Amino acid sequence: MPKKVDHQERRTLIADALMRVAADQGLEAVSLRHVAAEAGVSAGMVQHYFRTKDEMMAFALSVVRERSQIRVTEAVAQLGVDPSPRLLLRTMIGALLPLDEGTRDDGRVALAFLAYMAVRPDAAPSLREGTRQLTGFIAGILPDGHGEAAAAGLLALMEGLGVYLLGGQYTTEQALGALDAHLDLLFGSAHWHPDTVVHRPG
């Protein structure tokens with residue numbers, strides 16, 4: 001009896017290979033042929049699961065986002081029941097920033113994909129919906145008087161800090177210090193206490 005093929009597993013295998021190529025050789029090296037060689041499968045198999053490079057890259061980006069969501073969920077779970085909104089946001093953003101080697105790998109790949117999508121905005125429509133949902137969630141837990149514009153600004157800060165961390169312009173301490181300063185503006189410095197620091201080692 002033929003072995004049952006796990007199509008999701010194969011798609012993820014190919015996406016992981018794509019991410020290794022992008023992280024090691026740059027986005028320009030990403031092609032169906034190079035990804036197939038990295039994954040140890042035929043180019044025909046890659047094309048069976050992804051008809052175009054856009055489809056392959058959109059799926060790989062979704063894998064990175066799923067990993068990020070797992071990190072956020074695990075970090076928030078450690079806060080216990082009913083954490084303060086400020087601590088919740090700091091913990092979420094800290095889990096998304098590239099503060100260690102594993103998250104830096106995902107961050108480099110995500111940044112490369114976002115640059116690719118910037119000139120091909122129709123390649124990943126789910127990005128817009130994901131950003132809209134995250135902006136709405138953050139706006140809902142910010143103090144009164146701060147709306148979606150403030151939430152969008154916080155997301156923009158997070159993305160900028162990620163770029164500076166990946167480029168080596170900021171250390172972990174500098175990035176978290178900038179995040180804390182911005183949260184102080186939104187929540188007021190009275191909400192801040194050193195004992196609430198929750199971050200991973202750089």
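The following exercises, with worked solutions, concern a predicted model.

**Exercise 1.** Determine the secondary-structure content of the protein and the pattern it follows along the sequence.

*Solution.* First, the elements are counted: the protein has nine helices and zero strands. Next, reading along the sequence gives the pattern α-α-α-α-α-α-α-α-α.

**Exercise 2.** State what share of the residues is buried, and what share of the contacts between residues at least 6 apart in sequence joins residues at least 24 apart.

*Solution.* The protein has 202 residues, of which 38% count as buried. Turning to contacts between residues at least 6 apart in sequence, 67% join residues at least 24 apart.

**Exercise 3.** Classify the packing of helix 4 and helix 6 by angle and handedness, and describe their contact.

*Solution.* Two packed helices are described by the angle between their axes and the distance between the axes. Helix 4 spans residues 53-77 and helix 6 residues 101-118; their angle is about 140° and their axes lie 10 Å apart. Angles over 145 degrees count as roughly antiparallel and those of 65 to 115 as roughly perpendicular; helix 4 and helix 6 are therefore oblique to each other. Their crossing is left-handed. On the side of helix 4, the contact residues include Met57, Leu61, Val64, Arg67 and Arg71; on the side of helix 6, they include Asp106, Val109, Phe113 and Met117. By class, this contact comprises 10 nonpolar, one polar and five charged residues.

**Exercise 4.** Describe the backbone over the residues that UniProt annotates as "DNA-binding region".

*Solution.* The annotation, from an unreviewed UniProt entry, covers residues 31-50. Over residues 31-50 the chain is 75% helix and 0% strand. The end C-alpha atoms of this stretch are 11 Å apart.

Key: Residues numbered from 1 in each chain as written. Predicted model: local features only at pLDDT ≥ 70, side-chain atom pairs only at ≥ 80, totals over all residues. Heavy atoms only, no water. Axes fitted to C-alpha atoms, helices over the stretch in contact; angles between N-to-C directions. Helix = DSSP H or I, 4+ residues; strand = E, 2+ residues; numbered from the N terminus. Parallel < 35°, antiparallel > 145°, perpendicular 65-115°, else oblique. Left-handed = near helix turned anticlockwise from the far one by under 90°. Contact = heavy atoms within 4.5 Å. Nonpolar A, V, L, I, M, F, W, Y, C, P; charged D, E, K, R; others polar. UniProt positions renumbered as here; feature names shortened; annotations may be inferred. Buried < 20%, exposed > 50% of the residue type's maximum accessible area, 1.4 Å probe, protein only.
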